Amino acid sequence: YIGDESRECRSKLIGRHKLENILLSVQLAAGLGLNIVQIAEGISQLAPVEHRLQTIKLPTGITIIDDSYNSNEEGAKLAIETLAMFSGRKIVATQGIVEMGNEQKRVNFELGESIASVADIAILIGINREDIRLGMLSGNFCDKNIYLVEHLDNAKELFSAILTRGDVLLLQNDLPDNY
């Protein structure tokens with residue numbers, strides 16, 4: 001609504017936090033004198049930055065939420081919160097969060113707790129996998145639904161064996177394997 005007028009708007013952006021930003025932008029645009037038609041058109045043109053909560057729908061019926069260029073603690077939690085909004089089986093593939101110094105174990109344990117609250121399956125990759133796994137297990141996540149792999153290529157091999165029509169895969173923090 002702007003004044004007495006309303007419009008239904010759609011955007012390719014996903015996540016509650018993105019909606020909050022859109023609503024703030026609508027208020028600003030209206031305050032600057034743009035009309036509701038201009039604002040609705042602008043919203044319809046919004047699209048995610050590549051690899052940052054970018055939704056990809058595959059012909060196989062699998063949805064990918066590509067958040068592979070987002071590697072911070074808050075962004076990881078928001079991505080998991082966004083995954084919860086989707087229907088279907090939820091799979092997370094993550095290498096966790098790096099460059100956290102003495103906090104790295106704690107942050108990845110907490111990431112595991114967040115994943116456990118939403119995901120059905122997790123593919124944990126690389127150096128942080130055990131800390132994430134322990135966090136997931138503390139949230140009563142079933143250990144048989146956790147896959148531990150050394151490298152990103154190993155995770156990619158699992159996709160064809162695990163993913164089925166209707167699944168939603170969150171790709172989180174795609175760091176190089178040589179880290």
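Here is a walk through this predicted model, from the overall layout down to individual side chains.

Let's start with the whole thing. The protein has six helices and six strands. Reading from the N terminus, the order of elements is α-α-β-β-α-β-α-β-α-β-α-β. If you line the model up on its principal axes, the C-alpha atoms fill a box of roughly 55 × 40 × 30 Å. The chain has 179 residues, and buried ones make up 42% of them. As for the outside, the accessible surface comes to about 10100 Å², with 52% of that belonging to carbon and sulfur atoms. The contacts say something about how the chain folds back on itself: among those between residues at least 6 apart in sequence, 66% join residues at least 24 apart.

Now zoom in on the strands. Strand 1 (residues 54-57) and strand 2 (residues 63-67) pair in the antiparallel sense, with four bridges between them. One place to see this pairing is Gln 54, whose bridge partner in strand 2 is Asp 66. The two strands form a hairpin with five residues between them, and in the turn you'll find Gly 61 with a positive phi of about 90 degrees.

Strand 2 also pairs with strand 6 (residues 168-172), but here the two run parallel, joined by five bridges. Asp 67 is a handy marker for this pairing, since its bridge partner in strand 6 is Gln 172. So how many residues of strand 2 are buried? Five of the five are, so the strand is largely enclosed by the rest of the structure. In a regular strand, side chains alternate between the two faces of the sheet. With that in mind, look at each side of strand 2: Thr 63, Ile 65 and Asp 67 are buried on one, and Ile 64 and Asp 66 are buried on the other, which leaves both faces covered.

From there, move to helix 3 (residues 73-83) and pick out Thr 82. Is this residue buried or exposed? Thr 82 counts as buried because its relative accessibility is 0%, and the cut-off for buried is under 20%. Looking past residues up to four places away in sequence, Thr 82 touches Ile 14, Gly 15, His 17 and Leu 53. What does its side chain do with its polar atom? A polar atom of the Thr 82 side chain lies 2.8 Å from the backbone oxygen of Leu 78.For a contrast, head over to the loop between helix 1 (16-31) and helix 2 (36-44), where Leu 32 sits. Leu 32 counts as exposed because its relative accessibility is 65%. Together with Leu 28 and Leu 34, Leu 32 makes a nonpolar surface patch of about 310 Å².

Next come the charged residues. Side chains of opposite charge can pair when their charged atoms come close. Searching the whole structure turns up twelve salt bridges. One of them joins the side chains of Arg 10 and Glu 8, with N to O at 3.3 Å. Both Arg 10 and Glu 8 are exposed.

Another salt bridge links Glu 110 and Arg 106, whose closest N and O atoms are 2.9 Å apart. Both residues lie in helix 4 (residues 104-116), and they are four residues apart, about one turn of the helix. Glu 110 has a relative accessibility of 24%, so it counts as partly exposed. Arg 106, at 36%, counts as partly exposed too.

Helix 5 (residues 129-138) has a pair to look at as well. Arg 133 and Glu 130 are three residues apart there, so about one helical turn separates them. Their salt bridge brings the closest N and O atoms to 2.6 Å apart. Which of these two partners is buried, and which is partly exposed? Arg 133 is buried, with a relative accessible area of 16%, while Glu 130 is partly exposed at 35%. Finally, some salt bridges share partners, and in this way Glu 73, Lys 77, Glu 103, Arg 106 and Glu 110 are joined into one network.

Technical notes:
Residues are numbered from 1 along each chain as its sequence is written. This is a predicted model: local features need pLDDT of at least 70, side-chain atom pairs count only at pLDDT 80 or more; totals for chains, interfaces and linings use all residues. Side-chain values use heavy atoms; hydrogens and water are left out. Buried means under 20% relative accessible area, exposed over 50%, partly exposed in between (1.4 Å probe, protein chains only). A polar contact is a pair of N or O atoms within 3.5 Å; within protein, one must be able to donate a hydrogen and the other to accept it, and residues adjacent in sequence count only if both atoms are side-chain atoms. Contact means heavy atoms within 4.5 Å. Patches are made of residues with over 30% relative accessible area and no salt bridge: like charges are joined within 9 Å, nonpolar side chains (Val, Leu, Ile, Met, Phe, Trp, Tyr) within 5 Å. Accessible areas come from the Shrake-Rupley method with a 1.4 Å probe; for residues, only the protein chains shown count as cover. A salt bridge is a side-chain nitrogen of Lys or Arg within 4 Å of a carboxyl oxygen of Asp or Glu. Two strands pair if DSSP finds at least two bridges between them.
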